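Here are a few exercises to work through with the model open beside you. Try each task before you read its solution.

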Amino acid sequence: MANLLEKMKVAAVLLIIGAVSGLAIFGTHTLTEERREENRRMAQLAIYLEMFDGAVAPDDDDIVAIADSSVKEMVTMRDGSGNILGYAFRGEGRISHGDITVIVGIDLDGTIVDVKIADSTQTPSYVQSVRDHYLPKLIDQPIVAMNYDFTSEIAGTSASAGMTFGNVRRIIEDARFIAGDFLSDPIMDAYESLVPDVVSFETFVVFDRAFKEELLVKDDDENTLAYAYLMDLDIDGETVTYVAAYDETEFIGITVFAFDDVPQDAIDAVWAFEGYWNSDFNGLTFDVDGEIENTIAAALTELNTFVENRTWINANTLDYVETLYDGDTVTGYMFIGRSQGLMSINVLEVYLDETGAFQGFTYNQSGDSLNWRTPLIERFGAYEGQTEISQSEAEAAWDDVNPNAPDGETSATGTGQSVYAVISAALDYYSDTLGDE
Amino acid sequence: MSWTVFFVAIFSSMLINNVVLMKFLGVCPFLGVSKKTGSALGMSAAVMFVMVIAAFVSYLLYYLVLVPLEIEFVQTISFILIIASLVQLVEMIIKKISKKLYKSLGVYIALITTNCAILGIAVENITRDFAGQYGLFPGLAVAVTTAFGAALGFGLVMFAFSTIRERLEGANVPEAWKGVPVSLITAGIMALAFAGLGGIVG
Amino acid sequence: MAKTKNMKKEMSRLANLTKGFFKENPVFVFLLGLCPALAVTGTVEASLGMGLLVIFVLTGSNVVVSLIRKWIPHQIRVPSYIVIISTFVTIVGLLTEAYAYALHGELGIFIPLIVVNCLILGRAESYASKNKVHDAAIDGFGMGLGFLGALVVIGFFREFLSTGAIAYGVFLPLAETPGSIINIDSYVFSMDAFGQAPGGFLVIGLLLGIFNFVAILKRNKKERERQRMIEEKKRQALERKRQKAQEKAGAKA
């Protein structure tokens, strides 16, 4: 009996201790729950709030999750009285070196307020280099017309930090397409007026001619719908960017990036070309009146000639070949091709003369280190005039530009391999196809 | 989810985020029971035993009981009770199964309740959100693997440290640094070596 | 008579409060609670936060354990203590999350781990369960203060060695002072490792060694003093003996 009583007592004490502690914990929990929630939310939002002066924590309605994009979340930032201050995008990127979380803030005009790397497991020194050298250059740029030219000017860090920055750039570009839905976006508007189904576009080849850039205009499924060409023309002292679009057979049309500071004359001038829209580009000539119209027509004619002389290959690392003429005589060929280099895809221009002999090459676009790139141009110059460059000749070239080349074996560098891949493809294409004609 | 997740979990919790040297969990037994290699190994075995079971049970308790009832805030108290009763249970089972094993492990098992590595790993498995990353049951597998790796890491460091301490016995250490101070400095140097492993896997 | 008794009691209370500071310091003397002492002492700020939480939990659990010490059956005392301690720890965790979120983030997993801090269970078992409530409260508070002191000392050295800042990111104003001899920012000499895992072990080990060294010096000094006293007494005794012998000799003469 006493034993049972003792057991009952133990049970009772345990029960009371449990009940009291449960009550105490539950009471504290209930009292602090709201504040803890608030704290947790604020901690997540702190990085957004830092970017916008006077911003208050956004409501749930202002935070939109985004699917199928490197941007995962868009937050509308407001001040205390509910006025929109700007938008913040949280994006995530991944490369083989780790993950990265980037926050991009833009104001109402679409100007980048700040870009921050919130979290990263990538190589810390590269991330730091991106923070120090790359991100400041992005601030104050319009998100709809970003200029990334500065990347090639950042010496030493470009190749290695480039992969990390590639993530940042991708996130900004994805944010740009989301922002394009509600921002005034003259660039997207221009593409849509030419190719209604456009969802995204990307730089394909850059030029130093009347037209500066060739872009692929893509739909939702990443299919290429058209090729767009940007022409920066000097109209009454202002630089105005016109954009012309072509598909495989036709001139689709021409329009202009109608930014606020573009004169109305420059915008209206494109209507002179309305009659040429959607016509076969072969032998097309532009006959228009007016000073501005003629300036445009001159550039457009140069572009049309390029399109006429260009043959798509789309195989074997080669994109296309342009036949170069002097009057009616063929003087040579320029191939555009691309191949995976050490750090990025290298886009190459390879020049052959009219007999198919190698003349030289240049980099159209590359993220690889200049330490590899420049010597390769000179070294391959030794093969000028050859209609064939053998594997062993290419290996000799790689070894010569590689100060650390191991004795007796080839030192295939990523940059060198990609260069040789495009050059040999061009030479093969000549001997297989062009030479027979 | 690929198998590499498990390799990474073991490798990282054993070497890179070593419980003792990098996370400072289980320092008490690390200093207290490492005078002799035999007792160090005994302790490590007992820790492995309890740690893996505790990780398994606490994970299930959290996701199958606390989360559905929305009482995640009693995590600490429920985990420590689970661990305390587990320790009792394991002690009783070992006693029943093998007298010999009990003789060699029994003392250490009683000490385990206050080994913060056990509670630490159980709590960390929750904060690292394996369930959110991999799904409930694959997450359980990762959690248990992590606990196993952590216990391996604990054992490795215990063993290495105890052999060093056995050597130190015979070394000519200045009087003021004999015993715990020199052990702590040794541990610090070991930690420096382990810090060099950081960054191998993310 | 009554007055002296009262004074004696007061004295013992003061001694009860201060015993944890040096003589029975939980970290440096008893090596209790080393896990948090290593883990959260990267900066003075975190050390201070951890110390305050431990004071709260330790005082609270000591008071409650002492209050109900007579009702708790002996065989379930440890589980009961664990429940009481973890209740306090949970409450402290919830409160810091609500009112000191930054500290909560910094201490992270080590807040729930206060439960397994041997110091707290140790005081409950060895002191609070045998003493009156106010004594238990004083003991808990004093021991907690001793723990906090130890953490702050470790945190001070680690923060200074790892960042060059004294505390809270304040740097020695050496570079800005005109005419200063050193003229260099103290953070130039910062050693990252001391802020990270290895530094915790090294700093505590070095501090312990230094304390031991001081203690040994003191002991040696005392020993020498004692030795000298003995010698002195021997000498005096010898002197007396000689004097007596002389007196005897004089008397004879």
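**Exercise 1: Charges across the interface**

In this predicted model, the rule finds one salt bridge across the interface of domain 3 of chain A and domain 4 of chain A. Find the atoms behind a salt bridge between Arg209(A) and Glu322(A), and check them against the cut-off.

*Solution.* Start with the domain bounds: domain 3 of chain A covers 186-312 and domain 4 covers 316-436. Next, look at the closest N and O atoms of Arg209(A) and Glu322(A), which are 2.8 Å apart. The rule asks for a side-chain nitrogen of Lys or Arg within 4 Å of a carboxyl oxygen of Asp or Glu, and the pair Arg209(A) and Glu322(A) is a salt bridge. Finally, add the polar contacts: seven residue pairs across this interface, both residues at pLDDT 80 or more.

**Exercise 2: Who builds the domain 3 side?**

Which elements each supply at least two residues of the side of domain 3 of chain A that touches domain 4 of chain A?

*Solution.* Go through the elements of chain A: β7 (200-206), α6 (291-309) and β13 (310-315) each do so. β7(A) gives the most, with four residues. Then sort this side by class, which yields six nonpolar, three polar and three charged residues.

**Exercise 3: Extent of the contact**

How much area is buried between domain 3 of chain A and domain 4 of chain A?

*Solution.* The centres of the two domains, taken over C-alpha atoms, are 30 Å apart. Twelve residues from domain 3 and 13 residues from domain 4 take part in the contact. The buried area is about 1,100 Å², with 50% given by carbon and sulfur atoms. On the domain 3 side, Phe204(A), Asn309(A) and Thr311(A) supply 43% of the area buried against domain 4, more than any other three residues.

Definitions and conventions:
Residues numbered from 1 in each chain as written. Chains lettered and ligands numbered in written order. Predicted model: local features only at pLDDT ≥ 70, side-chain atom pairs only at ≥ 80, totals over all residues. Heavy atoms only, no water. Domains from an automatic or database assignment. Contact = heavy atoms within 4.5 Å. Buried area = accessible area lost by both parts, 1.4 Å probe. Polar contact = N/O pair within 3.5 Å; in protein donor to acceptor, adjacent residues only side chain to side chain. Nonpolar A, V, L, I, M, F, W, Y, C, P; charged D, E, K, R; others polar.
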